[in-house]
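Let's take a friendly walk through this model, with the sequence and coordinates open beside us. Empty space comes up before the strands and helices.

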Amino acid sequence: MLDASSVLEVLRPVQDPELRKSLVELNMIRNVKIDNGAVSFTLVLTTPACPLREFIVEDCQKAVKQLPGVEKVVVDVTAETPQQKSLPDRTGIAGVKNILAISSGKGGVGKSTVAVNVAVALAQLGSKVGLIDADIYGPNAPTMLGLEKAKVMVHQGEEGEILEPTFNHGVKLVSMGFLIDPDQPVIWRGPMLNGIIRRFLYQVEWGELDYLIVDMPPGTGDAQLTLAQAVPMAGAVIVTTPQTVALLDSRRGLKMFQQLGVPVLGIVENMSYFIPPDLPERQYDLFGSGGGEKTAKELGIPLLGCIPLEISLRQGGDSGVPIVAGDPESASAKALVAIAQQIAAKVSVAALSSR
C-alpha cells in the first residue's frame, strides 16, 4: 500500500553523505504527501549551501520510485542550519548560529578577498550571513563590498550604544573602516583592539544569522586571542598561497587556533596559479604549486580548495562587486563557491556530530 509510512520506510536506507546517518532518523524527511501516483515530501538539509544537494535529491527520488504505483516524485528542498555547540566559559551572540574565522599567517595572501567572497557565496546560496571586518589596521571589506561610502547608524540599547550593520550583496557588515577617516591610521595597543572586537561581536544588531564570518588581521596576535576567548567558534579557515614563506606562516596560525581549542576546518590555497585573460586555457604557477595540498596532508587537515588568480578577481574587489557576484562563471568564482559549500558542510557536520 502506498502511504506515508511506506515512503519513509523506503527512504530509511538513504543517508546524508557527510553525516553517514539515515535521512529519516535525522528527521530530514518531512511532510510526506500522496496524491494518487504522485509522492511529495520536504527534504530539510543542514545548510542551504549543501555541496551534495543534487546527489541527495537524486538518491531520494530513486528510492521512492521503487514503490509500486509511484508515477512522480516531487522533492521540496529547504534547510535548517544547526547551531554550534555552546561553551560554558564563552558568550555566544543571540540569534547567531555559527561564528567562523578567516585567518592567515601573513598579509598579502588574499585573506580578505576569500572572506568577502565566501560570505557573498553563502548568502547567494540562501544563508543569512554577517561579516566582521576585524582587520582593524587594514579594513578593506567596505571597499570590497561596495560600501566604502556607507554610514553606520547607532541607536541606544538597554546596555549602551548598538551599531546597525551596513548591507550589500546579501551580507551584513561592520568594519573599523566605517568609524575612522580613510587616511587615518589606527595606532592601538592590545586593550583597545580587544574592546572594538568585543563591540563588533556584542554591540551590533546582527539579527538572525546562519554564519557570522570574521575577517581576522594577519598573524597570531591580540585579535585572534580575543575572538577565541570571547565566543564559541564553529571553526577557523587558514588562507595561504603556494609560496613557501606563506605556508610557513600559515602553519603557525593554524597551530595557534588549535592551541586555543578552535577547530581548524581546513586550508584555502589562494593564487594557486595565474590565468591570463587572453589565453584562458593556460596556467602559470607564479607562486609555486602544490604547497597547500602538501601542508594539508602533513598537518592532517582538509584542503578546502585552490583559487586561481584572475584579473577579474582583483577588479571585483576594487569595484565593490565580489567576483562570485560579478563574474560567477569565472574559474575563481566557481572555486570560491565550492569552498563556501565545503565550509558550510563541515560546520553542520561538526554541530550535529557533537549532539
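## The cavity

The largest cavity has a volume of about 90 Å³. One cavity of 30 Å³ or more is present in the structure. A cavity here is a set of points, on a 1 Å grid over the protein atoms alone, where a 1.4 Å probe fits but cannot get out, and lining residues have an atom within 4 Å of a point. Grid points are joined across faces, edges and corners, and the volume is the space filled by probe spheres set on the points.

Which residues line the largest cavity? They are Asp 16, Glu 18, Leu 19, Leu 45, Thr 46, Thr 47, Cys 50, Pro 51, Leu 52, Ala 345, Ser 348 and Val 349. By type, the lining divides into seven nonpolar, three polar and two charged residues. In this count Ala, Val, Leu, Ile, Met, Phe, Trp, Tyr, Cys and Pro are nonpolar, Asp, Glu, Lys and Arg are charged, and the others, Gly among them, are polar. Helix H11 gives the largest share of the lining, three residues.

## How to read the model

This is a predicted model, in which local features need pLDDT of at least 70 and side-chain atom pairs count only at pLDDT 80 or more, while totals for chains, interfaces and linings use all residues. Residues are numbered from 1 along each chain as its sequence is written, and side-chain values use heavy atoms, with hydrogens and water left out.

## The eight-stranded sheet

Eight strands form an open sheet with mixed pairing, in the order E10-E11-E7-E12-E6-E13-E14-E15. Strand E10 (166-168) and strand E15 (303-306) are the edge strands, each pairing on one side only. From one strand to the next, the twist averages 25°. Strands (E, at least two residues) and helices (H or I, at least four) are DSSP runs numbered from the N terminus, and two strands pair if DSSP finds at least two bridges between them.

At one edge, E10 and strand E11 (residues 171-175) are antiparallel and share three bridges. Asn 168 has Val 171 in E11 as its bridge partner.

## Helices on the sheet

Helix H3 (residues 111-124) lies across E6, E7, E11, E12, E13 and E14, running at about 170° to E12. Helix H11 (residues 331-353) also packs on the sheet and touches E6, E12, E13, E14 and E15, its direction making about 170° with that of E15. Contact means heavy atoms within 4.5 Å. Axes are lines fitted to C-alpha atoms, for helices over the stretch in contact, and angles run from 0 to 180 degrees between N-to-C directions.

## Leu 303 and Met 271

Leu 303 is in strand E15. Is Leu 303 buried or exposed? Leu 303 counts as partly exposed because its relative accessibility is 30%; buried means under 20% relative accessible area, exposed over 50%, and partly exposed in between (1.4 Å probe, protein chains only). Leaving aside residues up to four places away in sequence, Leu 303 touches Ile 267, Glu 269, Gly 292, Glu 293 and Ala 296. Gly 292 is 11 residues from Leu 303 in sequence and 6.9 Å away, C-alpha to C-alpha.

Met 271 is in the loop between E14 and helix H8 (291-299). Although it is not a glycine, Met 271 has a positive phi of about 55°. With a relative accessible area of 16%, Met 271 is buried.

## The three-stranded sheet

A second group of strands forms an open sheet of three, in the order E3-E4-E5, with mixed pairing. Its edge strands are E3 and E5, each of which pairs on one side only, and the twist averages 15° from one strand to the next. Strands E3 (residues 29-35) and E4 (residues 38-45) run antiparallel and are joined by five bridges; Ile 29 has Leu 43 as its partner in E4. E4 and E5 run parallel, with eight bridges between them. Helix H1 (residues 4-11) lies across E3 and E4, at about 130° to E3.

Asn 36 takes a positive phi near 55° in the hairpin of E3 and E4, which has two residues between the strands. Asn 31, in strand E3, has a positive phi near 55° and counts as exposed at 53% relative accessibility. In strand E5 (residues 72-79) sits Val 77, whose contacts beyond four places in sequence are Leu 43, Leu 45, Arg 53 and Val 57. Val 77 and Leu 45 are 32 residues apart in sequence and 7.3 Å apart in space, C-alpha to C-alpha. Leu 45 also helps to line the largest cavity.

Methods: 1 Å grid on protein atoms, 1.4 Å probe; cavity = no way out; pocket = protein on both sides within 12 Å on 5 of 7 lines; lining within 4 Å.
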